[in-house]
Amino acid sequence: MKVSRLIKRRTFLFEDKLLHDIISKLSAKQKEILYLLYIEGIPEIEIAHKLAITKQAVNKTKNQTLKKIRKNYQQGES
């Protein structure tokens, strides 16, 4: 199942509007990786198999996405 089909079935609710705005601007792939890692608790290797990418690509996407979220949140921007 492609990332875009998986992510469209998910509803993300945030009490923090800034965080919601930042997350909403992430790509479908970024959202899906974070969802599978932190909400579903699926290990990186399983996500890699599911999305047909390498474990290293999952890890790199996760790290870059978290860095982007932190930076934007600290700056108070979306």
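This is a short tour of helix packing and salt bridges in one structure. A reminder before we start: the model is predicted.

Let's begin with helix 4. It covers residues 44-51. Which of its residues are buried? They are Glu 44, Ile 47, Ala 48 and Leu 51. Look down the axis of helix 4, and those buried residues fall within an arc of 105°, so they line one face of the helix. Right after helix 4 comes Ala 52. Its phi is positive, near 60°.

Now, what does helix 4 pack against? Take helix 3, residues 28-39. Helix 3 and helix 4 pack with their axes 10 Å apart, at an angle of about 140°. The two helices are therefore oblique to each other. Their crossing is right-handed. On the helix 3 side, the contact is made by Ile 33, Leu 36 and Leu 37. On the helix 4 side, Glu 44, Ile 47, Lys 50 and Leu 51 make it. Keep an eye on Glu 44, Ile 47 and Leu 51: they are also among the buried residues of helix 4.

Helix 3 has another partner, helix 5. How do these two cross? Their axes come within 10 Å, and the angle is roughly 100°. Helix 3 and helix 5 are therefore roughly perpendicular to each other. From helix 3, the residues that meet helix 5 are Lys 29, Gln 30, Ile 33, Leu 34, Leu 37 and Tyr 38. From helix 5, they are Val 58, Thr 61, Lys 62, Thr 65, Leu 66 and Ile 69. So Ile 33 and Leu 37 of helix 3 meet helix 5, and they also take part in the contact with helix 4.

On to helix 2. Here Asp 21, Ile 22 and Ile 23 are buried. What covers them? The cover includes helix 3 and helix 5.

Next, charges. Side chains of opposite charge can pair when their charged atoms come close. How many salt bridges does this model have? The count comes to three.

One sits in helix 2. Asp 21 forms a salt bridge with Lys 17, and the closest N and O atoms are 3.1 Å apart. Helix 2 runs over residues 17-24, and the two partners are four residues apart in it, so about one helical turn separates them. Is Lys 17 buried or exposed? Exposed, with a relative accessible area of 60%. Asp 21, by contrast, is buried.

Back to Glu 44, in helix 4. The side chain of Glu 44 meets that of Lys 55 in a salt bridge, at 3.5 Å from N to O. That pair links distant parts of the chain: Lys 55 is in helix 5, residues 55-75, eleven residues from Glu 44. Glu 44 is buried, at 12% relative accessible area. Lys 55 is partly exposed, at 38%.

Glu 44 also meets Lys 62 in a salt bridge, this time at 3.0 Å, N to O. Glu 44 lies in helix 4 and Lys 62 in helix 5, so this pair ties together parts that are 18 residues apart in sequence. Here, both partners are buried.

Put those together, and Glu 44, Lys 55 and Lys 62 are linked in a network of salt bridges.

To wrap up, come back to two residues. Glu 44 is in the contact with helix 3, and in the salt-bridge network. Lys 62 is in that network too, and it is among the helix 5 residues that meet helix 3.

Technical notes
Residues numbered from 1 in each chain as written. Predicted model: local features only at pLDDT ≥ 70, side-chain atom pairs only at ≥ 80, totals over all residues. Heavy atoms only, no water. Buried < 20%, exposed > 50% of the residue type's maximum accessible area, 1.4 Å probe, protein only. Arc of directions from axis to C-beta. Salt bridge = Lys/Arg side-chain N within 4 Å of Asp/Glu carboxyl O. Axes fitted to C-alpha atoms, helices over the stretch in contact; angles between N-to-C directions. Parallel < 35°, antiparallel > 145°, perpendicular 65-115°, else oblique. Left-handed = near helix turned anticlockwise from the far one by under 90°. Contact = heavy atoms within 4.5 Å.
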